[in-house]
Amino acid sequence: MRVSSWSLAGLCLLSACSGYAPPKNLAGVSGEQIVASMGTPDTQRRFDGGTRLEFPRGPYGRHTWFVYLDAAGNAVRAEQVLTEKNFGQINPGMHQDEVRERLGRPGEVQGLARARGTVWSYRFENSFCRWFQVEISQEQTVRSAGYGEPPECSRRDRVLIP
């Protein structure tokens, strides 16, 4: 009985992970199948005559998947957008809507003192304990953007593995 319980738990974990990312081969996959596999998208946007489904995997996930559907509702491509290349396109003066269009929903949003705006934080896959942060002004434009250290990395009791 004990072995079968562990096997069942392992299968449950594997099946839960299978819906984290879109399938590698999107040929013949419908938007409905993507949603059945990955869950309800955070955002749906009209895009180039079709639709883009956005799947942020935060707040502690390190990926945001955009899945593009054609006019018939079939998946044509998918991309993970939390990348250095996309971070490099975030510049002061951009409207916050442009940031959302490039990176999706942030994993964490924090207000700044004296109601000066907010900071949007995106965890992403990297070799260091860093996240990408975007400071949004009261005027809803980017004031600054760059890399920072998430709070879990600065804990004094954190064990470092050489």
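Q: What makes a residue of α4 count as buried in this predicted model?
A: Buried means under 20% relative accessible area. In helix α4 (residues 96–103), Q96, V99 and L103 are the buried residues, so each falls under that 20% limit.

Q: Why are the buried residues of α4 said to lie on the same side?
A: Their arc around the axis is only 50°, which puts them on the same side of α4. An α-helix has 3.6 residues a turn, so residues three or four places apart point the same way.

Q: What do the buried residues of α4 pack against?
A: Contact means heavy atoms within 4.5 Å. The buried residues of α4 pack against β3 (64–69), α3 (84–87), β6 (117–123), β7 (131–137) and β8 (142–148). The helix α4 lies across β6, β7 and β8. Its angle to β6 is about 10°.

Q: What makes β3 and β4 count as paired strands?
A: Pairing needs at least two bridges. Five bridges join β3 to β4 (residues 75–80), so the two strands pair. They run antiparallel. W65 stands opposite Q80 in β4.

Q: How many bridges join β6 to β7?
A: Seven bridges join these antiparallel strands, against a requirement of at least two. S121 has Q133 in β7 as its bridge partner.

Q: Why do β5 and β8 stand at the edges of the sheet?
A: The open sheet has four strands in the order β5-β6-β7-β8, with antiparallel pairing. β5 (108–111) and β8 each have a single partner strand, so one side of each lacks a neighbour in the sheet. From one strand to the next, the twist averages 20°.

How values were computed
Residues numbered from 1 in each chain as written. Predicted model: local features only at pLDDT ≥ 70, side-chain atom pairs only at ≥ 80, totals over all residues. Heavy atoms only, no water. Buried < 20%, exposed > 50% of the residue type's maximum accessible area, 1.4 Å probe, protein only. Arc of directions from axis to C-beta. Axes fitted to C-alpha atoms, helices over the stretch in contact; angles between N-to-C directions.
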